[in-house]
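Let's take a walk through this model together, from its interior out to its charged surface. Have the sequence and the coordinates open as you read.

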Amino acid sequence: MSSAGRVLAVDWGRKRFGVALSDPTRLIAQPLTVLTRRPGKRAPVGPVLELARKHDVTEFVVGLPLTSEGEEGEEAREARAFGEALGARSGLKVWFVDERMSTARALRSARETGVSAKAARRRVDAMAAVGILQGWLDARG
């Protein structure tokens with residue numbers, strides 16, 4: 001594992017992709033953006049790579065939406081293919097992590113801090129990506 005440079009995390013989704021970014025010291029994750037895709041279109045590999053270039057990213061973390069039993073179903077296979085495409089096109093290391101409950105935790109956190117349901121829906125994907133990335137950073141800290 002490289003220990004220098006920012007890490008970009010993606011909370012993979014069928015419609016929306018939450019994106020989070022670490023600070024250069026890899027201590028803190030922060031929300032970056034939410035990317036969307038139209039039904040039937042490919043996952044936004046190009047836009048994610050553009051964000052990675054813009055922010056001097058050296059590694060990726062991609063959340064795998066595993067089943068409740070911890071298995072890789074269709075969505076997890078699609079997320080893995082997305083991550084593998086990121087790695088192949090960028091030449092950077094891609095880490096895959098279990099993202100079960102990341103969206104639920106982000107929604108709960110938003111409600112606890114008084115964020116309205118409407119505002120929470122707009123930001124939940126990016127906050128889920130923050131949770132995925134912060135967990136990954138903490139595990140390596």
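A residue is called buried when its relative accessible area is under 20%, exposed when that area is over 50%, and partly exposed in between. Glu-72, at 30% relative accessibility, is therefore partly exposed. Please keep in mind that what you are looking at is a predicted model.

A good place to begin is helix H1, which spans residues 45-54. Its buried residues are Val-45, Val-48, Leu-49, Leu-51 and Ala-52. Looking down the axis of H1, you will find these buried residues within an arc of 155°, so they line one face of the helix. An α-helix has 3.6 residues a turn, so residues three or four places apart point the same way. Turn H1 around, and the face directed away from the buried side shows you the exposed residues Arg-53 and Lys-54.

What does the buried side of H1 pack against? Its partners are the strands S1 (6-11), S2 (16-22), S3 (29-36) and S4 (57-64), together with helix H2 (74-90). After H1 comes Asp-56, which has a positive phi, near 55°.

From here we can step into the nonpolar interior. In soluble globular proteins, nonpolar side chains tend to be buried together. The largest nonpolar core in this model has 22 residues, and Leu-8, Val-48, Phe-60, Phe-82 and Leu-86 are those with the most contacts inside it. S1, S2, H1, S4 and H2 each contribute at least two residues to this core, and the largest share, five residues, comes from H1. For a closer view, centre on Leu-86: leaving aside neighbours within four places in sequence, Leu-86 is in contact with Val-45, Val-48, Leu-49, Phe-60, Val-62, Gly-91 and Val-94. There is also a second, separate core of twelve residues, with Ala-129, Val-130, Ile-132 and Leu-137 among them.

Aromatic rings are our next stop. How many aromatic pairs does the structure hold? There are three. One of them joins Trp-12 and Phe-17 in an edge-to-face arrangement, with 6.0 Å from centre to centre and 80° between the planes. Both Trp-12 and Phe-17 are buried. Another pair, Trp-95 with Trp-136, is tilted, at 5.9 Å centre to centre and 50° between the planes. This pair links distant parts of the chain, since Trp-95 belongs to strand S5 and Trp-136 to helix H4 (residues 117-140), 41 residues apart. Trp-95 has a relative accessible area of 22% and is partly exposed, whereas Trp-136, at 4%, counts as buried. Elsewhere, ring pairs link Trp-12, Phe-17 and Phe-82 into a cluster.

Some rings also have an arginine over their face. Arg-140 lies over Trp-95, at 5.0 Å from the ring centre, and Arg-80 lies over Phe-96, at 4.5 Å from the ring centre. Arg-80 also meets the side chain of Glu-72 in a salt bridge of 2.5 Å, N to O. Arg-80 is partly exposed, at 25% relative accessibility.

That brings us to the charged residues. Side chains of opposite charge can pair when their charged atoms come close. Across the whole structure, a search finds six salt bridges. One of them connects Arg-14 with Glu-78, whose closest N and O atoms are 3.4 Å apart. Arg-14 sits in the loop between S1 and S2 while Glu-78 sits in helix H2, so the pair ties together parts that are 64 residues apart in sequence. Both ends are partly exposed, Arg-14 with a relative accessible area of 39% and Glu-78 with 27%. Arg-14 and Glu-78 are also linked with Glu-74 in a network of salt bridges.

Back on H1, Arg-53 forms a salt bridge with Glu-50, with 3.3 Å between the closest N and O atoms. Because Arg-53 and Glu-50 are three residues apart in H1, they are separated by about one helical turn. Arg-53 is exposed at 54%, and Glu-50 is partly exposed at 47%.

Let's finish with Glu-99, in the loop between strand S5 (93-98) and helix H3 (102-112). Is Glu-99 buried or exposed? With 9% relative accessibility, Glu-99 counts as buried. Not counting residues up to four places away in sequence, Glu-99 touches Asp-11, Trp-12, Gly-63, Leu-64, Pro-65 and Ile-132.

Methods
Residues are numbered from 1 along each chain as its sequence is written. This is a predicted model: local features need pLDDT of at least 70, side-chain atom pairs count only at pLDDT 80 or more; totals for chains, interfaces and linings use all residues. Side-chain values use heavy atoms; hydrogens and water are left out. Buried means under 20% relative accessible area, exposed over 50%, partly exposed in between (1.4 Å probe, protein chains only). Helices (H or I, at least four residues) and strands (E, at least two) are DSSP runs, numbered from the N terminus. The arc is that of the directions from the helix axis to the C-beta atoms. Contact means heavy atoms within 4.5 Å. A salt bridge is a side-chain nitrogen of Lys or Arg within 4 Å of a carboxyl oxygen of Asp or Glu. Rings of Phe, Tyr and Trp (its six-membered ring) pair if their centres lie within 6.5 Å; planes under 30 degrees apart count as stacked, over 60 as edge-to-face and the rest as tilted. A charge sits over a ring if NZ of Lys or CZ of Arg is within 6 Å of the ring centre and within 35 degrees of the ring normal. A nonpolar core is a set of buried Ala, Val, Leu, Ile, Met, Phe, Trp, Tyr and Cys residues joined through side-chain atoms within 4.5 Å.
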